[in-house]
Amino acid sequence: MNSPPPPSRPWWVTALIASAASMVVLVVALLLPLGWATVILAVGAMVFVVVLLKNPALWRRRLAGACVGATITLASAPQLRAALDLGGFGYLIVNGGGSMIALVVLAGVGLVLAALETFAERGPAGPRPQSVGGSLVQGDRNRVETHHHGPTHQAENDVVAGDKHETHHHYAAPLPSPSPPRDVDLDRYLRALLQKVSTLEIKGIASVSAINRPIEALYTPLCSVPLQPASRDAVPREPQPVPREPRRVPLPELFRATPRLLLEGQPGAGKSTFIQLVACMLARDHVEPRSGAPWRTEHLGLDPTDPPPIPALIHLSTLLVRLRRGEDLPDDERWILDILAAETCPKDHVEDHRPDHEERRRRWDDLFKEGRALLLLDGLDEVADERLRKRVLSVVGAAARAWPGARIVVTSRPISTEAMVQLGFEKAVIAPFDNEEIARFVALWSDAVYDAKAPDRSQELARTFHRALGRQCKIQRLAESPVMLTCLCVIHWNCGTLPEGRARVYREVFRWMLASRHDLRGPLGYSIEFVEDALQRLALAMMRGKVTTIDLGDAAVAIEEGIARDFPADNGTRRIQRAREWLRQECEWSHLIQEIEGDQIKFWHLTFQEFAAAWAIAGGGSTWREIEPHLGDLQWRETLALLGGCVHELSRGHVDTLMVDLLTFGEYGTLAEAALAVDVLDHIQGPLHAYNYNLPKTLRDKQKALAGRVLEIFTVQGAEAVETRTRIAAAEAIGRLGDPRLADDVDNFIDVADSPVAMGRFPITVEEFGRFVAEGGYQNRGWWESDGWAELEKKGKTEPWNWESQQEHPSRPVVGVMWYEARAYCRWLGKRLGRDVRLPKMDEWERAGTHADGPFPWGSERGASGQRLADNEIAERLANFAAQDGKLTPVGCYPAGAGPKGHVDLAGNVSEWCLDGPEGAPEERYLKGGCARDNDRSALETARYDRYWRASYASVDWGFRVVVVREMKDQAGSRATTTTRKPSSVPPLPQLHPRR
C-alpha cells in the first residue's frame, strides 16, 4: 500500500497559480468602478486564500512563489487600465499585444498547472493515499492534515484515515522505513486483560501484604433468583400452567441464555468477580488455549464448538472519567469504542492522538457488529450523579442499538435500574450465599491461605471458623455476602474470634489492613491515626460528590486539612504535594485505596468507602446536619445503615440524639417526610440489634405515634402524596414495628357481592401465617388432609420456603406454600375464629375483583385523561407489577388499585391459590391474579387469565387469601354465635403540628 512521496512543488509553480488567480480578480476589479486600494486588497485576499489556507505546513515556500506572481500581475495593472480607458481590450490587443499576450499565457499556464496538481492530489477515482514525511496518509474529500513535531519521520505502521475536517497528530520516534498498516493487536490486548483478571487477592492477612491466587481457585459459583417470565399473550378463560419452582439459577446459565443481561446485587454480592471470571476464561481461550475442554466450557458452560467471543471489559468509572473531561463526543457508542481503542493502543503511544486510533475504533465496531465481541460493563451503580447517569444510559442504549448481534452484560447494585430494563435488558438478582456455598467459600479460602500445601491445617482452619460463626448468630447473615464473608475470614484468622455488627467487622478489617504495613508507613511519619483520619476525609468527600473515583488532585485537597494538622511545618504547596505522595504510597501499602488509570483514586470496594464516610460523620460532631440532605438518597443507604453502629462505638447516648433528630424531622414534616423518617429510623435501627441497642421508652412511644400518622399512606389520598419507593419502604418499617392492620383481633373480611362469603381484604401475610407456624401448625396432623400430610412428609417441610428471610418482611404476603399448606392454615384459623374458613372459589375471587368500568379490579385501563395507562403508570399507582426482580411489597401499598369493595392486591404482588381446579384434573388448582414478576398486563385482568398448577407445588410468586362463610350452623341446626373481631380500620391520626 506504500507509494513513493511526490516531489515537492517548486516555488515557480506556486507563482504561476497565484498569478492566474490574482489576474482573474484584477480584471474583474478593473471592469467595475473600484479604486486601486480595493484592487490591491482583492489581490491580497486571493493570495491569502490560495496560499495560507491551502496548507499552512508549507506556507514559506508557497508564500514566496505567490509574492512573485502577485508582483507580475500588479506590474501589468497600468497597461490594463490604459487599454480600458482608450477603447477596451480590442485596443490593447492591437496596440499592446506583447504585454497582453504574456499576461494571458501566464494566467492560462497557471490555471492548467493548478488543475493538474489538483488531479494529482485527489486522483480520478477519489482519495488516493499520499505520503507525507514517510507516513502513509489516507486523503479525505475535504482535507487531511498531519502535524509533525521534530524531524520528518514515519509513525510506526500508521495508516491515517482522514475524516471530514479531522486533524491527526503524530508523536512518534523516527523509524528507518515505512511499514504496512496493521490491524488491531488483539493478542496484546487480551494478554494485558488477562494479567488484570486472572487472579483474586486476599488482603488483610497480618504480616502479608496480599495473597494472589488464580481466580478459579478462589471463585465460588454464584446463583440468581429466577428471571422474569417472558411476556405472554393470554388467552381469555383458558387455564395456563405456569411452573414457578424457586430454583436458584447458576449465573453461567443466565449468562448463556440472556444476550442482554443486567446483573444486580447488593454490595459485595460478587457481581464484579463474576464479570472478571467471564473475561478471564474467554481471554484464556484466545491466548492460552489448552487441550481438552476449553476454559469457557469448564467454567461458563459455553459450547466448545462455538468460537469464543472477545471480552471487552470496561469499568464504568473509566467512562465517567472521560465524561467529566468534557470531551466533544455525542453520548453514543463512540465513547465505548474510544476506551477500547485506547486499551488496544501500544503503551508507548499517546492515547487518542495516534493516527491509527480511528482504525482501532472501526475494528472494534466491526467486532461488535459481527457478534464476535462480548461487552462487559461493570459498576453502573458507581454512577451516582443523575446527569452523568443519564449520559451513561444513553451510551449503553446506543451501543445496544448499534450492535444488535453483540452480547452485553451490565452489573449494578439495585439502584434505579428501571431504565436498563426499558432498554431491553433482562434483570437477574444475585442470590445470597446459602449454607453449602458458605462452606465451599471458606474451604477455598483456607486452601488459598495455606497454598493448598497443608490440607490438614486448611481443614482445621475452616472448622474453627464455622464454629466461631455458629456462636455468633447475630452475624451469621453477614456471611451471605462474599465480600463480608472474606472480611469475616480475615478477622477470624487475625483475631481468632468474630465481632458482632457490621460496623465492628469493617472496623477490624481497617485496623488489620492498616497495621499490616505500618512498618513501611511509620518511618515516614504517617501514624495509623493519621491514615484513618485521611481515609475518612477522603471517603466523605467522595460521598458528598456522589463519586466512586476521584482525581488525585481533588483527593489531595480533600485530605489537606489532615496533612496540615500532622505536618504543621509544611506550607500550602508542600501539603498538597505530600498528600499526593501519601495517596500513591497508601495504594501500595494498605490496598484500602487503589490508583487507577488517569490519576484516579478509588476505594478497594465501595462498601469500605461507605463505612469510612459513616465513621467520619459519626466522629464529626454534626451528624444530623451532614445526613439530613441525603436521607432519601439511594446512594447513601449503606452509609446510613452503618452510621448507627459507628455512632454507637463512640457513644450510646449519641445514638439517642440521632434518633431524636429523625423523629423530630418526621413529626413536623409533610406526610412524605414522615414516611421517609420512619424508613430511615428502621434502616439505622436494624444493624443496631447486634449492639443490643433499644430505643428508650419515650422515643419508642414517639416512633409508634409517627408510624400511626404514616398509616395514611394506605389511603388513596395519602398514597398519592408519597412517592412509591418511599411509601413501600415506610410500609416495610411499619410491618417490622407491628402493623396495626394485621393485629390478631382485627377483622379484615369484606363481603363479596352476590356471594355467601366475605373475603380477606389482604392476602395472608407472613405475620399472620407465622402464628400458625408458631402454634405448631406443621406438627399437628389434625390441620392437614391426608394428601397434604403425605406431601409434607415427602418434602420434609416444617415451614414455608425461605421462611427465615420472609420473616424479615412481616407485612408482605406469605409465599412458598403449597395449596395443601394454605388449606391447613384455613382449618387452623377457622378453629380459632369459630367460623367456616376456606380458600375462595375461582368465581368468588372474580366477583370480588370485577369492576363495572373495566376488566381490572380498579376498572378501566384508561386514566382520567382517557389515554391508555402505560405499564409504568400501573406499576407506580395501581399494582406491584412488572417488578423485574420479583420483589414483593407489603399488603395494601396500592390502595388506588383496590377492587370495587376494597379488596387490595387482587392485581399484582402474588398470584393466589383458589379452592377449585380444572375439571378432570383433581391434583391441580387455579391461581388467580397477576404477580409482581408478570410483565403482561393481561395477567392482571380479573377474569381473563387463569393459571393452574399441582396442589403439591409452591413458588416464590404464589400466596393465598381466605374467605369466611357469613353464618354457620351448629349440629342442632341453630345459628351459632360467631367470634367477632374489631373491624379493620386505620387508627386515628395524631394531631399534626405546624412545620418548623
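**Entry 1: H12 against H15**

I started with a helix crossing: H12 passes H15 in a right-handed crossing. I keep in mind throughout that this is a predicted model. H12 covers residues 316–325 and H15 covers residues 386–402. I read a packing angle of about 115° for the pair, with the axes 11 Å apart. H12 and H15 are therefore roughly perpendicular to each other.

Next I listed the residues that meet. From H12 I noted Leu-316, Leu-319, Leu-320, Leu-323 and Arg-324. From H15 I noted Leu-388, Arg-391, Val-392 and Val-395. By class, I found seven nonpolar residues, no polar ones and two charged in the contact of H12 with H15.

**Entry 2: H17 against H19**

I moved on to H17 (residues 435–449) and H19 (residues 482–495). Their axes come within 11 Å and cross at roughly 50°. H17 and H19 are therefore oblique to each other. I checked the hand of the crossing of H17 and H19, and it is right-handed.

H17 brings Ile-438, Phe-441, Val-442, Trp-445 and Val-449 to the contact. H19 meets them with Pro-482, Leu-485, Thr-486, Cys-489, Val-490 and Trp-493. I sorted the contact of H17 with H19 into ten nonpolar residues, one polar and no charged.

**Entry 3: H22 against H25**

My third pair was H22 (residues 528–544) and H25 (residues 572–589). They pack at an angle of about 100°, and their axes are 12 Å apart. H22 and H25 are therefore roughly perpendicular to each other. On the H22 side I wrote down Phe-530, Val-531, Ala-534, Leu-535 and Leu-538. On the H25 side I wrote down Trp-582, Leu-583 and Glu-586. The contact of H22 with H25 has seven nonpolar residues, no polar ones and one charged.

**Entry 4: the nonpolar cores**

Which residues touch the most other members of the largest nonpolar core? I found Trp-364, Phe-368, Leu-538 and Trp-582, in a core of 186 residues. Leu-538 and Trp-582 were already in my notes, from the contact of H22 with H25.

I then followed Trp-582 outward, leaving out residues up to four places away in sequence. Trp-582 touches Tyr-526, Phe-530, Val-531, Ala-534, Leu-535, Ile-559 and Trp-589. There is also a second, separate core of 36 residues. Among its members I noted Ala-758, Val-773, Val-817 and Trp-913.

**Entry 5: the whole chain**

I stepped back for the totals. The protein has 39 helices and 28 strands. It has 996 residues, and buried residues make up 53% of them. I also looked at contacts with a separation of 6 or more, and residues 24 or more positions apart account for 70% of these.

**Entry 6: two asparagines with positive phi**

I looked at Asn-802 and Asn-909. Phi of Asn-802 is near 50°, a positive value in a residue other than glycine. Asn-909 is not a glycine either, and its phi is positive at about 70°.

Asn-802 lies in the loop between helix H35 (786–795) and helix H36 (803–806). Asn-909 sits in the loop between helix H39 (871–878) and strand S23 (911–913).

Is each one buried or exposed? Asn-802 has 51% relative accessibility, so I count it as exposed. Asn-909 has a relative accessible area of 1%, so I count it as buried.

**Entry 7: Ile-734**

I found Ile-734 in helix H33 (residues 724–738). Its relative accessible area is 2%, so Ile-734 is buried. I set aside neighbours within four places in sequence and listed what remains in contact with Ile-734. The list is Val-678, Ala-707, Val-710, Leu-711, Phe-714, Asp-739 and Pro-740. I also took one C-alpha distance: Ile-734 and Pro-810 are separated by 9.4 Å, with their positions 76 residues apart along the chain.

**Entry 8: Val-757**

Last, I turned to Val-757, in strand S21 (residues 757–760). Val-757 has a relative accessible area of 0%, so it is buried. Val-757 and Asp-836 are 79 residues apart in sequence and 9.6 Å apart in space, C-alpha to C-alpha.

Which residues does Val-757 touch, not counting residues up to four places away in sequence? I listed Asp-751, Val-752, Arg-838, Glu-844, Val-963, Val-964, Val-965 and Arg-966.

Terms used. Residues numbered from 1 in each chain as written. Predicted model: local features only at pLDDT ≥ 70, side-chain atom pairs only at ≥ 80, totals over all residues. Heavy atoms only, no water. Axes fitted to C-alpha atoms, helices over the stretch in contact; angles between N-to-C directions. Helix = DSSP H or I, 4+ residues; strand = E, 2+ residues; numbered from the N terminus. Parallel < 35°, antiparallel > 145°, perpendicular 65-115°, else oblique. Left-handed = near helix turned anticlockwise from the far one by under 90°. Contact = heavy atoms within 4.5 Å. Nonpolar A, V, L, I, M, F, W, Y, C, P; charged D, E, K, R; others polar. Core = buried A, V, L, I, M, F, W, Y, C linked by side-chain atoms within 4.5 Å. Buried < 20%, exposed > 50% of the residue type's maximum accessible area, 1.4 Å probe, protein only.
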